[in-house]
Amino acid sequence: MQDFLWENQSSVSEFILLGFSKDSQINAILFNIFLFLYLSTLVGNGLIVTIIHLDSRLHTPMYFFLSVLSLLDMSYVTTTVPQMLVHLVCQKKTISYVGCVAQMYIFLVLGITEGWLFSVMAYDRYVAICYPLRYKVIMSPWLCGAMVVFFYTVFTVRLPYCGPNEINHFFCEVPAVLKLACADTSLNDQVDFILGFILLLVPLFFILASYIRIFATILRIRSAQGRLKAFSTCASHITVVTMFCGPAMFMYMNPGANASPERDKKLALFYNVISAFLNPIIYSLRNKDVKRAFLKLTGWGRTTE
């Protein structure tokens, strides 16, 4: 496989990631901001995983999926942010050809897995609310998604890259890399759109279908307090799905010719860095079980029990 990659790279052996700015002062400010976001993401999501593991009352399918989401978020940002931080403070901003391919593949696999995880979490809420006496969860076949992403990545690296080698992005994302290919990429843009439809809209369809049934069930609850309680269990999930899927859909389903590099970087920051940073905050602030488990873990809640 490695020989295949090197054989198809033409004259390019490495790429230069332009990042956000050439101004060293701006980069220093961005370094501090992104370092804070990255460390906070690791601490926040790591705390969620630890709390769920240690508190037996949270050993349910919903919290199992929440812990998987936290692990994915930590892996997701680690694929891109550490390299971005290094490039913000160093003069050399290069990444090898093979490293770029690996980053594209890992980023896409984690992203697609997170998208399908959201659909599984929606189904989990659907079963819990609509069929509470038959509360079972069926896992999604993530392996199929990984195989499609492999095809997607190979389809991109098979294009000839004979210069220039400057990627106007802070990491190797497929739409940004495609702009450097010295060949017609219209077919790749079509594949981009089709796979975006399959890998983003299909999970979103399952999410919407689950919530249509959920809301129909909630509206049949006579008690206003009961309706509010049932809806509150879904509010966090709806929020994080919107933050992740909205920007990702706009990025991968927009034709390459109409894409703006600066806009793409902002979108990528939102669904890669910002959403991973906010997810544990959203779930912990709106979830009494998580807050109670946190207080128990730290010892602050002993006086109230």
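**Notes on helix α4, its aromatic neighbours and the salt bridges**

1. A good place to start is F107: with a relative accessibility of 2%, F107 counts as buried. Please keep in mind as you read on that this is a predicted model.

2. F107 sits in helix α4, which runs over residues 97-130 and so gives you 34 residues to follow in the viewer. From its first C-alpha to its last, α4 reaches 50 Å, close to the 50 Å expected at 1.5 Å a residue. Is α4 mostly covered or mostly open? It is mostly covered, as 28 of its 34 residues are buried.

3. Now for the aromatic rings, where the count comes to 14 aromatic pairs. One of these is formed by F107 and F171, whose ring centres are 4.6 Å apart, with 50° between the planes; this pair is tilted. The pair links distant parts of the chain: F107 belongs to helix α4, while F171 lies in the loop between β3 (166-167) and α6 (174-178), 64 residues apart. What is the relative accessible area of F171? The value is 0%, and F171 is buried.

4. It is worth displaying the neighbouring rings together. Ring pairs join F107 and F171 into a cluster with F20, F34, Y76, F118, F170, F244 and Y271.

5. How many salt bridges does a search of the whole structure find? It finds 3 salt bridges. Here they are in turn.

6. D55 and R57 form a salt bridge, and their closest N and O atoms are 3.4 Å apart. The two partners fall into separate classes: D55 is buried, with a relative accessible area of 6%, whereas R57, at 45% relative accessibility, counts as partly exposed.

7. E262 and K265 form a salt bridge as well, with 3.1 Å between the closest N and O atoms. Where do E262 and K265 lie relative to one another? They are 3 residues apart in helix α9 (residues 261-285), so about one helical turn separates them. In general, an α-helix has 3.6 residues a turn, so residues three or four places apart point the same way. As for accessibility, E262 is partly exposed at 40%, while K265 is buried at 2%.

8. Finally, look at R263 and D264, whose side chains meet in a salt bridge at 2.6 Å, N to O. D264 counts as buried, because its relative accessibility is 4% and the cut-off for buried is under 20%.

Notes. Residues numbered from 1 in each chain as written. Predicted model: local features only at pLDDT ≥ 70, side-chain atom pairs only at ≥ 80, totals over all residues. Heavy atoms only, no water. Helix = DSSP H or I, 4+ residues; strand = E, 2+ residues; numbered from the N terminus. Expected span 1.5 Å × (residues − 1). Buried < 20%, exposed > 50% of the residue type's maximum accessible area, 1.4 Å probe, protein only. Phe/Tyr/Trp six-rings, centres within 6.5 Å; stacked < 30°, edge-to-face > 60°. Salt bridge = Lys/Arg side-chain N within 4 Å of Asp/Glu carboxyl O.
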